[in-house]
Number of protein chains: 2
Amino acid sequence: MLDRFDKLVLPIPLVARSFIVGLNLSNMPSSHAVPQEDEKLTPKNQNKTREGEPVSLKDLAEHLGLSPTTLSLVLNKSPKASAIPDETKERIFTAARELKYRPNYLARSLRVQKTNTIGVIVPELSDGYSAMVLNGVEAALTTAEYFYLTASHLHKEDLLEKLPRLLVERQVEGIIAVDTPIRFEPSLPVVNVSGHDEVEGVTNVILNHQHAAELGIGHLYNLGHRRIAVIKGQEFSSDTNVRLETIKAAAAKRGIPIDTRLTVQLLGDSPSSEVGYTAVKSLLANGEDFTAVFAFNDISAIGAIRALDEMGLRVPADVSVLGFDDIYAAAFHNPALTTIRQPLFEMGSIAARALLERLSNGSDYSIPEEVSVEPTIIVRQSTARVSS
Amino acid sequence: MLDRFDKLVLPIPLVARSFIVGLNLSNMPSSHAVPQEDEKLTPKNQNKTREGEPVSLKDLAEHLGLSPTTLSLVLNKSPKASAIPDETKERIFTAARELKYRPNYLARSLRVQKTNTIGVIVPELSDGYSAMVLNGVEAALTTAEYFYLTASHLHKEDLLEKLPRLLVERQVEGIIAVDTPIRFEPSLPVVNVSGHDEVEGVTNVILNHQHAAELGIGHLYNLGHRRIAVIKGQEFSSDTNVRLETIKAAAAKRGIPIDTRLTVQLLGDSPSSEVGYTAVKSLLANGEDFTAVFAFNDISAIGAIRALDEMGLRVPADVSVLGFDDIYAAAFHNPALTTIRQPLFEMGSIAARALLERLSNGSDYSIPEEVSVEPTIIVRQSTARVSS
DNA sequence: TCGTTTTACTAAATCGTTTTAGTACGGATA
DNA sequence: TATCCGTACTAAAACGATTTAGTAAAACGA
């Protein structure tokens with residue numbers, strides 16, 4: 001254990017690519033074959049505490065001549081420690097600090113049957129969406145002293161079934177799923193962000209999609225758009241269907257039903273704008289005629305703009321493009337995206353808080369089946385009044 | 001503690017329509033006040049296994065009339081189970097499946113002193129950079145059946161000291177830090193992605209910055225640029241100083257030293273393009289004269305383009321802009337960013353693999369102090385030959 | 001002065017596994 | 001016939017905490 005770091009002392013050429021040569025003495029052919037007693041090698045071995053090894057409560061108790069019970073009571077500031085004189089308490093705290101005692105969370109969790117850990121399942125970390133939600137989750141968890149294990153399912157069916165089981169084995173107290181179908185019967189409290197399946201025991205945190213569609217279609221309608229193309233999400237995304245349906249409804253309500261030839265679907269699971277680009281390319285290749293595009297998300301809106309641009313169509317002069325999500329990039333794209341904002345951070349934080357609440361209230365608690373949050377429309381440069 | 005969450009119910013006046021009514025029978029006022037024996041309520045309570053409660057190895061052993069030892073040996077396919085007849089083994093596996101036995105990872109980890117868990121410390125999840133690296137980390141960890149706990153320090157000094165300690169308490173086997181200064185003495189193997197401090201016991205995974213600067217400055221130089229502005233990173237970013245120094249060196253080598261009046265620093269810790277925008281705005285406000293901007297990253301390059309645009313300067317016609325990182329957004333920005341690509345996914349995956357290797361090889365292993373990866377230049381539309 | 005309470009602690013059980021060190025028995029070997 | 005070996009298992013310790021149920025001595029109250 002100790003000698004692990006000794007090797008680093010070696011002079012290392014600065015410029016990268018340098019690997020230190022293996023130096024473990026015991027493995028090296030020694031010119032004088034002197035048998036070595038390990039004991040003798042460590043003269044600084046006072047207080048019988050093995051340097052380097054973590055010190056346990058028992059070690060600390062022995063060092064102090066007290067029992068682990070007493071230490072536990074004092075260190076956890078249990079009310080049962082009231083009879084322990086302050087002087088002793090002080091001794092204990094001081095020793096704990098000096099010997100750098102760190103309670104073993106594993107042991108504690110096992111005993112008290114509580115891990116202060118939850119599991120988070122996301123489609124993929126780098127898709128922007130998940131990361132923003134995770135940020136909110138983390139913020140809420142941190143204040144409650146919880147940690148979380150993350151797992152990405154990458155849209156693979158086997159992982160959708162396996163990951164929850166693995167997390168449960170690791171004794172997470174609950175699970176937050178982000179934009180992920182629930183393919184397991186929940187043995188723990190589960191909160192799903194953007195989940196539309198109604199599964200017993202699962203709280204869904206969802207956007208008010210109807211409102212979102214109203215905002216988007218209303219905005220385009222008011223600008224004079226009547227032929228609106230819609231980019232539908234990938235099949236695996238839980239929002240895909242509601243998004244499309246609510247948009248259709250909002251359009252129909254205004255007497256401008258969405259032409260089915262004007263809906264294209266995102267294909268493939270790349271988290272880049274590529275998929276949006278391809279989708280709109282195919283729309284244009286079919287010679288369809290429209291004045292606005294309502295994209296599934298900002299990522300695909302950006303791809304759409306590229307596709308239109310390549311066909312010589314200016315955004316927003318010739319075609320308006322409306323995004324969804326309001327990711328960081330939206331505000332600084334050229335042209336800046338008009339978009340329907342989802343409060344992703346808040347959704348994550350609400351999800352985490354809802355989960356924690358369920359955890360702390362145990363079974364005598366009414367589980368909200370659904371919590372909805374409101375979208376807002378952020379008008380920027382990618383939409384404009386229809387020309388002509 | 002508990003009441004903290006009660007409030008949460010309030011600020012969601014939204015459309016939280018449907019709530020499942022509390023269903024715990026024992027809490028519900030019963031019309032026929034029959035005293036209930038819990039036993040009687042569960043007729044399917046065969047085999048004395050409490051429905052709902054997870055089944056332990058002991059439960060399973062009792063159910064089978066065998067000892068936990070035998071089950072453990074068999075379930076873990078220990079070579080010591082060779083004497084157990086196949087028939088018994090089969091019985092054990094079947095029962096485990098039927099009663100849905102899931103080993104408690106906590107207990108196992110405690111016993112075998114191995115958690116198969118590492119800790120990851122990042123500045124912030126939603127900054128794109130961290131998420132990409134994490135993606136790589138995860139990919140490498142998954143194949144080794146490791147999980148990881150994530151913690152964000154948000155550039156706060158107290159968290160930089162506290163988080164590693166919390167992770168160690170939770171018995172992580174090692175720590176991966178991403179773009180994070182090491183403010184603790186490592187008691188565990190630590191790998192730092194983009195770490196430039198040389199701390200004993202810490203392996204740094206870094207980009208070959210000199211090469212990156214050569215690629216960038218070389219590209220601009222070859223296009224005829226002689227007055228190049230440089231956007232320096234925030235003070236907290238570990239790459240900030242090397243990046244600037246190597247760029248200066250590469251420029252000086254070509255006889256076009258970077259004018260100090262042409263370097264601006266990113267300020268504030270927003271992960272949006274805002275900071276790059278502000279920086280270049282101030283450069284332009286000073287009336288500085290330059291034909292190219294070498295940005296600290298793609299995010300700030302995009303902000304720079306916006307700032308130039310607002311001043312009527314066309315990119316790349318009037319000013320070339322060179323980014324860094326090659327995030328997903330770079331390819332689809334308008335104009336598409338020419339950028340120095342960092343293999344972030346690979347860096348994460350290399351970091352994880354290096355850590356795992358250190359873990360599995362124990363002390364008799366030579367720790368590479370530094371592993372470097374190579375950048376590439378991706379030429380797109382934001383840079384062009386200097387006009388006239 | 002005796003009984004009760006308070007003070008200052010501790011022994012041992014417990015959480016759910018794994019692992020060490022067995023046991024008991026039947027059959028083969030010497 | 002005694003010994004050894006293989007088979008089929010098990011008891012108990014261990015991991016490192018928390019928690020229950022104490023104990024012994026001192027202080028207090030009647």
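Student: Does B:Ile340 count as buried or exposed, and how many C-beta neighbours does B:Ile340 have inside 10 Å?

Tutor: Good place to start. This is a predicted model, so please read everything here as computed from it. The general idea is to count neighbours: a residue is buried if 20 or more other C-beta atoms lie within 10 Å of its own. B:Ile340 has 27 such neighbours inside 10 Å, so B:Ile340 counts as buried.

Student: Where is B:Ile340 found, and which residues is B:Ile340 in contact with, leaving aside neighbours within four places in sequence?

Tutor: B:Ile340 belongs to strand β10 of chain B, which covers residues 338-341. Setting those sequence neighbours aside, its contacts are B:Ala212, B:Leu215, B:Gly216, B:Phe324, B:Pro375 and B:Ile377. You can also try a distance in your viewer: B:Phe296 lies 44 residues from B:Ile340 in sequence, and their C-alpha atoms are 10.0 Å apart in space.

Student: How do I read burial for a whole strand? What about β5 of chain B?

Tutor: Go through the strand residue by residue, then look at each face. In strand β5(B), residues 202-207, six of the six residues are buried, and the strand is mostly covered. One side carries B:Val202, B:Asn204 and B:Ile206, the other B:Thr203, B:Val205 and B:Leu207, and both faces are covered.

Student: Which strand is joined to β5(B) by four bridges, and which residue stands opposite B:Ile206?

Tutor: Strand β4(B), residues 190-193, is joined to β5(B) by four bridges, and the two run parallel. Within that pair, B:Asn192 faces B:Asn204. Strand β11(B), residues 370-373, also pairs with β5(B) in the parallel sense, over four bridges. There, B:Ser372 is the residue opposite B:Ile206.

Student: Let's turn to chain A. What does its secondary structure come to?

Tutor: Chain A has 13 helices and twelve strands. Of its 388 residues, 44% count as buried. To see how the chain folds back on itself, look at sequence separation: among contacts in chain A with a separation of 6 or more, 67% are between residues 24 or more positions apart.

Student: In what order do the six strands of the open sheet in chain A stand?

Tutor: Read an open sheet from one edge to the other. The order here is β7-β6-β8-β9-β10-β12, with mixed pairing. β7 (263-265) and β12 (376-378) each have a single partner strand, so one side of each is left without a neighbour in the sheet. On average, neighbouring strands are turned by 20 degrees against each other, direction ignored.

Student: Which helix packs on the sheet?

Tutor: Helix α10 of chain A, residues 274-285, does so, touching β6 (228-232), β7 and β8. The direction of α10 makes about 140 degrees with that of β7(A).

Student: How do β8 and β9 of chain A pair, and why is β9(A) described as largely enclosed?

Tutor: β8 (residues 292-294) and β9 (residues 320-325) pair in the parallel sense over three bridges. A:Val293 has A:Val321 as its bridge partner, and A:Phe294 stands opposite A:Leu322. As for enclosure, six of the six residues of β9(A) are buried, so the rest of the structure largely encloses this strand.

Student: Which residues touch the most other members of the largest nonpolar core?

Tutor: That core has 180 residues, and the ones touching the most other members are A:Ile176, A:Val293, A:Ala351, B:Ile176, B:Val293 and B:Ala351. Beyond four places in sequence, A:Ile176 touches A:Ile118, A:Val120, A:Val137, A:Val191, A:Val193, A:Ala351, A:Ala352 and A:Leu355.

Student: Now the DNA. Which residues come nearest to strand C?

Tutor: Start with the nearest residues, then ask which elements supply the surface. Around DNA strand C there are 26 residues, and A:Ser67, B:Leu57, B:Ser72, B:Asn104 and B:Ala107 come nearest. Two or more residues come from each of α3 (68-75) and α5 (105-112) of chain A, and α3 (57-64), α4 (68-75) and α6 (105-112) of chain B. α6(B) gives the most, with five residues. By type, the surface divides into 13 nonpolar, nine polar and four charged residues.

Student: And which residues are closest to DNA strand D?

Tutor: DNA strand D is surrounded by 24 residues, the closest being A:Ser56, A:Ser72, A:Asn104, A:Ala107 and B:Ser67. Here the elements giving two or more residues are α3 and α5 of chain A and α4 and α6 of chain B. α5(A) provides the largest share, five residues. This surface has twelve nonpolar, nine polar and three charged residues.

Methods: Residues are numbered from 1 along each chain as its sequence is written. Chains are lettered from A and ligands numbered from 1 in the order in which they are written. This is a predicted model: local features need pLDDT of at least 70, side-chain atom pairs count only at pLDDT 80 or more; totals for chains, interfaces and linings use all residues. A residue is near a molecule or strand if its C-beta atom, placed from the backbone, lies within 6 Å of it. Ala, Val, Leu, Ile, Met, Phe, Trp, Tyr, Cys and Pro count as nonpolar, Asp, Glu, Lys and Arg as charged, and the others, Gly among them, as polar. Two strands pair if DSSP finds at least two bridges between them. Axes are lines fitted to C-alpha atoms, for helices over the stretch in contact, and angles run from 0 to 180 degrees between N-to-C directions. Two residues are in contact if their C-beta atoms, placed from the backbone, lie within 7 Å. A nonpolar core is a set of buried Ala, Val, Leu, Ile, Met, Phe, Trp, Tyr and Cys residues joined through C-beta atoms within 7 Å. A residue is buried if 20 or more other C-beta atoms lie within 10 Å of its own, exposed if 12 or fewer, and partly exposed in between; C-beta atoms are placed from the backbone.
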